[in-house]
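Open the model in your viewer and keep the sequence panel beside it. The tour below goes from one selection to the next and says what is found at each.

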Amino acid sequence: MEKREPTFGQRYLSVLILTMLIWWITGRVAQRFAPEPEPDQVAEVEDQNDEGDTESDDAQAEVTEADEPSESAVASTKDIPQQRITIGSLDPTSPYRMLVTFNNAGAAVERIELSDPRYHDLEWNAGYLGSLGLADSEDGGVAINVVGPGTAAALATSQENSSVGLQVGDALIRINKESVSNVAEYDKVLSQTDPGDEVTLTVRREGKERTFTTTLQHKPLEVLRPEHGAKEGEHQHPLSYLLTAAQINSKSIRYGDEEIKRLPSLLNENWEVHSVAGDNATVEFKFTLGTADLKKAKIDGALEIIKRYRLVKTSDSVAKDGQNKDAPAADAYHLEFEIEVKNLHTERVEFAYALNGPTGLPLEGWWYAHKVHPSKMFAGAGVRDVVCREFGGKHLLVTNPAVTSKAKKSPENPETVVFDGERPQLQYVAVDAQYFVSGLVADVDPQAPADPEIASEYTFASLSVSPVAEIDAERANKTDITFQLKSPVHDIQPNESYKQKFLIFAGPKYPEILEHYGLGESISYGWFPMVAKPLQWVLHSFYKGFSAIGLPSYGLAIILLTVLVRGCMYPIGRQQARNAQKMQSLAPEMKRINELYKNDMEKRAAAQRELFQKNNYNPAIGCLPVFLQMPIFIGLYRALSTDILLRDAPLIPGLSWCSNLAGPDQFWFWEPYIPAFLAAKTGFLGPYLNVLPLISVALMIVQQKMFTPPPTDEQQEMTMKMMKYMMVFIGFMFFKVPSGLCLYFITSSLWGVAERKLLPKPTTQAAKQEQVEEAKRKEVVEQREARKQSRKKNRKKSK
């Protein structure tokens with residue numbers, strides 16, 4: 001079959017589909033097969049040697065199950081029971097942004113929950129009592145090992161007396177009338193409740209049953225949490241911010257080991273817990289490596305290692321920065337973290353430590369979210385990645401795919417070493433999720449010029465990244481990964497100490513907040529940040545405007561943003577619609593030319609060019625709007641995908657459908673009824689039927705029919721059929737995109753349809769000539785008729 005000249009509609013749709021296809025394929029390929037970090041950024045690992053009666057909503061440091069150990073017990077960690085300690089509060093009116101739960105096993109951060117009601121768990125829709133550290137009780141029920149201030153459990157009121165709050169040591173045996181004999185039953189009963197439900201709790205305290213009532217809460221967003229392996233029976237991942245000795249004098253951690261052999265485990269054994277007098281927002285953990293302990297590892301000396309955490313209040317930031325406590329940039333999303341090592345020996349000691357980062361960051365949206373690499377155009381990222389930056393250096397990202405790929409290739413040596421041997425002066429290093437981030441930030445003003453003396457305090461021998469446990473079998477790039485900092489060796493003189501301070505940031509990826517901590521580059525806007533950022537600012541401005549008149553809706557803001565964008569592009573869009581309309585009117589003549597010069601391609605092309613010139617039609621102009629719109633489309637996609645304010649923002653307040661404009665609309669949970677390769681979270685479509693993408697594709701098909709002239713030959717007819725199938729493929733591509741983006745597509749498509757309908761019907765050159773000839777014929781007829789009438793009148797007069 002001979003080659004035919006494509007029509008405008010075919011050119012336009014081909015360019016649009018090809019561009020979208022390339023963009024989607026590169027994103028998917030980059031996400032699954034992202035290249036490993038560059039050699040100058042990543043080097044291979046080298047071989048080397050559960051209290052009291054009542055808690056106030058105002059946070060307090062709470063030490064459970066044991067009093068402060070005596071001096072005689074310090075040398076033996078076996079005598080120290082496991083304890084959980086909380087500071088902060090879940091009460092949104094308190095001066096704290098978070099509730100932090102610590103575990104003295106390893107002096108670790110076990111859990112960080114945000115108190116802002118905007119940040120609640122999107123995947124747990126049932127009621128929430130609080131994180132209670134539950135364990136099955138030997139006498140029946142579930143034992144409560146921690147109760148955090150501001151939780152529903154802490155606010156429970158007794159029906160027998162005036163006591164408030166469940167307590168550590170209570171055994172929960174019933175919720176309403178449902179018995180709770182183990183943790184699994186507790187989860188099942190609670191899953192059948194809703195936030196706001198009032199429940200009756202029956203607990204066993206000191207051998208007696210007591211009854212409390214409380215109102216269940218929404219489950220808060222946990223920036224950090226204990227995480228277990230994906231498969232049943234897999235062990236719990238290590239907790240966050242664990243520390244151990246990397247080197248003491250000549251002894252260091254051997255290759256493949258976690259700690260120095262024959263020393264007590266700083267990672268797993270219980271540390272002493274000390275509250276700080278007069279400061280209920282600070283908790284201190286101590287671990288003593290006595291002379292006898294170090295001798296087992298053939299080390300002379302004695303050390304005391306201290307980890308000190310202090311949760312900052314919003315009032316502290318107001319006093320320091322003069323900001324309102326609710327201002328986004330009020331720096332209260334962090335803990336002040338101090339490491340202190342005391343030399344208790346009469347001789348100097350050489351000491352270096354290894355500090356692990358956070359684990360268990362949120363996985364919400366992992367099956368639809370798509371992060372991009374900040375510096376590599378076609379490289380993807382994982383659900384959880386590691387980001388870091390040197391003082392005066394560039395923001396670097398070590399992707400989850402690169403880390404898991406390295407671990408798969410060499411499971412005996414899974415670590416990826418960054419800055420090995422370069423001793424970087426780190427400004428920050430963190431684990432980055434889709435909407436939240438946690439990590440270590442140098443305790444200096446990130447906006448101030450780098451001070452070499454201050455920067456030297458944050459010099460590290462190496463930064464390594466590795467999977468916390470097994471690589472996730474469901475999807476490798478959501479594997480729980482973290483980092484480890486290894487400090488240089490410090491020379492500590494007798495009876496002196498070495499200290500180092502950090503900020504532990506744990507908060508939302510809100511631009512103003514991140515900028516305040518120097519973490520602004522954690523948000524990646526992709527290829528067109530110069531487009532995405534202004535569009536995001538305009539979107540927020542529209543939302544504020546609607547809120548001012550009592551209509552707080554990001555859905556309306558997105559619609560208005562679309563109208564603004566299409567309005568600014570109206571001249572181009574109108575020209576595009578005119579070209580499409582003109583091409584449709586030229587279709588009959590194009591068909592005539594094709595039939596006339598069926599066997600002469602050169603003459604056919606010349607006749608088509610002549611036809612286009614006569615009618616002032618340029619096929620190339622139709623492609624220009626597509627290329628101009630692509631940066632706007634991609635920029636808006638990244639703006640909507642990264643905007644944490646769209647997270648949990650409903651299209652229609654009060655409806656559970658489309659309650660998160662940053663994710664798919666999730667109309668119907670169809671996973672149980674659809675084959676797994678389509679409806680599983682790892683499937684092509686995901687576990688929910690999404691309606692907005694179907695509406696978007698339907699409107700695209702309508703536009704295709706409106707903009708594309710009828711086929712003039714068999715090749716064009718075949719092309720149009722292929723385009724219909726391509727529309728189905730586009731539906732697959734966009735089935736899991738944010739519903740906010742679908743709303744943009746729908747509004748934009750309706751604008752395009754209206755724009756096309758309102759255009760006057762064009763006339764071709766041939767049609768104009770036909771109109772002229774028709775007018776002449778009509779004039780001749782009228783003249784003849786006039787002469788006839790004139791003759792009739794003359795005859796009557798003559799008679």
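At what angle do H9 and helix H16 (residues 739-757) pack, and how far apart are their axes? In this predicted model, select both helices: the angle is about 45 degrees and the axes are 9 Å apart. Oblique is the class for angles that are not roughly parallel, antiparallel or perpendicular, and H9 and H16 are therefore oblique to each other. The crossing of H9 over H16 is right-handed.

Now show the side chains between these two helices. On the H9 side, the contact is made by Gly555, Ile558, Ile559, Thr562, Val563, Val565, Arg566 and Gly567. On the H16 side, select Gly740, Leu743, Tyr744, Thr747, Ser748, Trp751, Gly752 and Glu755. Coloured by class, the contact of H9 with H16 shows seven nonpolar, seven polar and two charged residues.

**A second partner for H9**

Keep H9 (residues 554-568) selected and add helix H8 (residues 529-548). The axes of H8 and H9 come within 8 Å and cross at roughly 125 degrees. H8 and H9 are therefore oblique to each other, and their crossing is right-handed.

For the contact itself, pick Leu535, Val538, Leu539, His540, Phe542, Tyr543 and Phe546 in H8. They meet Tyr554, Leu556, Ala557, Ile558, Leu560, Leu561, Leu564 and Val565 in H9. Of the residues in the contact of H8 with H9, 14 are nonpolar, one is polar and none is charged. Two residues of H9, Ile558 and Val565, are listed in the contact with H8 and also in the contact with H16.

**Strand S10 and a loop**

Next, go to Thr202, which is part of strand S10 (residues 198-205). Is Thr202 buried or exposed? Its relative accessibility is 5%, so Thr202 counts as buried. Leaving out residues up to four places away in sequence, Thr202 touches Ala171, Leu172, Ile173 and Arg174, as well as Glu209, Arg210 and Thr211.

From there, select Gln159, in the loop between strand S7 (157-158) and strand S8 (171-175). Beyond its neighbours within four places in sequence, Gln159 is in contact with Thr200, Thr211 and Thr213. Thr211 is thus listed among the contacts of Gln159 and among those of Thr202. Draw a distance from Gln159 to Arg210: the C-alpha atoms are 7.9 Å apart, while the two residues are 51 apart in sequence.

**Two residues with positive phi**

Which residues other than glycine have a positive phi? One of them is Tyr241, where phi is near 60 degrees. Tyr241 sits in the loop between strand S12 (222-224) and strand S13 (243-248). With 0% relative accessibility, Tyr241 counts as buried.

Cys658 is another, with phi at about 55 degrees. Look for Cys658 in the loop between helix H12 (624-642) and strand S29 (668-669). At 1% relative accessibility, Cys658 also counts as buried.

**Colour by confidence**

Finally, colour the whole protein by pLDDT. The mean is 80, and 79% of the residues reach 70 or more. Residues 1-5 have a pLDDT below 50, and this stretch has 16 contacts in the model beyond near neighbours in sequence. The pLDDT is also below 50 over residues 30-76, where the model has 127 such contacts. Where pLDDT is low, the predicted coordinates should not be read in detail.

Terms used:
Residues are numbered from 1 along each chain as its sequence is written. Side-chain values use heavy atoms; hydrogens and water are left out. Helices (H or I, at least four residues) and strands (E, at least two) are DSSP runs, numbered from the N terminus. Contact means heavy atoms within 4.5 Å. pLDDT is the predictor's confidence in each residue, from 0 to 100. Buried means under 20% relative accessible area, exposed over 50%, partly exposed in between (1.4 Å probe, protein chains only). Axes are lines fitted to C-alpha atoms, for helices over the stretch in contact, and angles run from 0 to 180 degrees between N-to-C directions. Angles under 35 degrees count as roughly parallel, over 145 as roughly antiparallel, 65 to 115 as roughly perpendicular and the rest as oblique. A crossing is left-handed if the near helix is turned anticlockwise from the far one by less than a right angle, and right-handed if clockwise. Ala, Val, Leu, Ile, Met, Phe, Trp, Tyr, Cys and Pro count as nonpolar, Asp, Glu, Lys and Arg as charged, and the others, Gly among them, as polar.
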